[in-house]
Amino acid sequence: MSEYQTLNFADVSVGDSLPEQDIDITSGLVVSGALATRDYEPVHHDKSVAQAAGLPDVFMNILTSQALMTRFATDWSGPEAVVKSLDIKLGAPNVPGMVMKVTGQVTAKDGDSGVIDIAVTGENNIWGMHMAGTVQLALPQGA
Amino acid sequence: MTPEEIKAFEDQVYAYVGKRVCTATPAKDAVNDTMIRHWTEVMGDTNPAYTNPEWAAQSARGKTIAPPAMMYVWNQEGYAVASTGRPSDAQSDLVQLFNDNGYTGVLGTNVKQEYFAEASPGDQIVMEMVIDTISERKATARGTGYFYETLATFSNQDGVKLGTQRFRVLKFIPQEQPAAAKSDSALEVPTRIASPRGHDNKWWWEACDEGRVMIQRCTSCQTLRHPPRPMCGECQSTEWDAIESTLDGEVLSFTCLRHPAIPGYPKDPICAVIKLDEGTHLVANVVGCEYDDVSIGMRLKGKVEQVDEKTMLPQFYPA
């Protein structure tokens, strides 16, 4: 049990920053992410189709971005946190060869529900903002 | 399109608002450990709530759950999308209508999922989806188009509502046609611009490559000058030699180069005019401290460092 800690609602303050994550965007991650989310759109696994759509290579699907954003929040909060919502604005595609830096900050706390808002941004080093949005987590309240 | 043609097109488009993309459809597979494990492996998500039954049994939930972000995954079409294409439904018909009228561009712009209850292995997820809204015609940076939003609702086998998903897509007339599949062009990761080396400054950069910062000196009047140039501004002599700077100096003036990020360069670099103790000025980056910590007159110590695989540059640290 003790191997996994979960933050208490009281431990978290508005303005707290989450540990950054650098994620290497590889062909393996893009293709495997599409398959793990059962997304067989050819632009996510077939380079020639992605190029016909105007991109240099296969690009990450949205369900993988959603997964990486949730993971970013719960890696920090611990496993007893309950994800309440995930709201993502999509930006530039993530293409193999890029590195995406994910950063986040606590922006709101609701004492009645125990829900916190975390503003999260994922920026890749070539085209900039890939995803920006808010993850809401319900944290345990009390000891 | 004439205004009348646009009106006729929009009448067809807006008829899709409220149309059902799919009625309550159970996922092909119940929520299961295998698909969860594949997902967590790829995403690098080690949350024990998803994959560690021993931990989960003692947790507040008492059992493992499916990652919430998988909510839509269970109802995905699967490989048919790549082989035979998506089956016809209200959404694919709407997309076809857009395509037939030149709105061939497609861009997912927003996705919002709300979760009301967690799903666990064994649960059967049922999805319904409607076309919820279609925007008015809008000029966007990508081209003129329409945003449409689908609303999917998820429940389990007992009718418990698990969550919703709103997905917003822009269908637009591309401003420029995407280039047809070019040759197998590898993605080139931009690096720093190579230092331009001409007749008058090549020697300076070559010294920099060896870790030294040189200051040109007039051999007639001993005036120091930087950047390197052929003639002394004081006495017009073209005879010169150079001394090596100790790289001790102070901030004469500085700024922070903000957004947008420039590929190959650190984001928000601090750029300063540095007054070297030898007397000349040099423009370089201040590193190793925050912008707020820099002030005019602050003492600095420089080091020539490798900043990418082909570039050596003087970098200045707080002394």
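**Chain B: a small sheet, its loops, and the contact with chain A**

Good morning. I begin with helix α7 of chain B, residues 202-209, which lies across β7 and β9 of chain B and runs at about 145 degrees to β7(B). Please bear in mind throughout that this is a predicted model.

The strands beneath that description belong to an open sheet of 3 strands in chain B, ordered β8-β7-β9, with antiparallel pairing. The edge positions are taken by β8 (224-225) and β9 (240-244) of chain B; each has a single partner strand, so one side of each is left without a neighbour in the sheet. Strand β7 of chain B spans residues 214-218 and is joined to β8(B) by 2 bridges, the two strands running antiparallel. Within that pairing, B:Arg217 stands opposite B:Leu224 of β8(B).

Let me turn to the loops around these strands. As general background, most residues other than glycine have a negative phi, and most peptide bonds are trans. Three places in chain B deserve attention on that account.

The first topic is the peptide bond from B:His226 to B:Pro227, which is cis, with omega near -5 degrees. B:Pro227 is located in the loop between β8 and β9 of chain B.

Next comes B:Gln222, which is not a glycine and yet has a positive phi of about 70 degrees. This residue sits in the loop between β7 and β8 of chain B.

Then there is B:Leu247, again not a glycine, with a positive phi of about 65 degrees. B:Leu247 is found in the loop between β9 and β10 (248-256) of chain B.

Are these two residues buried or exposed? B:Gln222 has a relative accessible area of 45%, so it counts as partly exposed. B:Leu247, by contrast, has a relative accessible area of 7% and is therefore buried, the cut-off being under 20%.

B:Leu247 also brings us to an annotation. In an unreviewed entry, UniProt lists residues 247-301 of chain B as "domain: ChsH2 C-terminal OB-fold". In the model, the end C-alpha atoms of that span lie 6 Å apart, and the span is 0% helix and 45% strand. The unreviewed entry also carries the annotation "domain: FAS1-like dehydratase", covering residues 25-162 of chain B. There the end C-alpha atoms lie 14 Å apart, with 26% helix and 29% strand.

I now move to the later strands of chain B. Strand β11, residues 270-276, and strand β12, residues 281-286, run antiparallel and are joined by 6 bridges. One of the paired positions links B:Ile270 to B:Val286 in β12(B). Together β11(B) and β12(B) make a hairpin with 4 residues between them, and in the turn B:Gly279 has a positive phi of about 120 degrees.

Which sense of pairing does β12(B) adopt with β14 of chain B? The pairing with β14(B), residues 311-318, is parallel and extends over 2 bridges. Here B:Asn285 has B:Gln315 of β14(B) as its bridge partner.

Finally, the interface. Chain B contributes 54 residues to the contact and chain A contributes 49 residues. Between them the chains bury about 4200 Å², of which 58% is on carbon and sulfur atoms. How many salt bridges does the rule find across the interface of chain B and chain A? The number found is 0.

Thank you for your attention.

How values were computed
Residues numbered from 1 in each chain as written. Chains lettered and ligands numbered in written order. Predicted model: local features only at pLDDT ≥ 70, side-chain atom pairs only at ≥ 80, totals over all residues. Heavy atoms only, no water. UniProt positions renumbered as here; feature names shortened; annotations may be inferred. Pairing = 2+ DSSP bridges. Contact = heavy atoms within 4.5 Å. Axes fitted to C-alpha atoms, helices over the stretch in contact; angles between N-to-C directions. Buried < 20%, exposed > 50% of the residue type's maximum accessible area, 1.4 Å probe, protein only. Buried area = accessible area lost by both parts, 1.4 Å probe. Salt bridge = Lys/Arg side-chain N within 4 Å of Asp/Glu carboxyl O.
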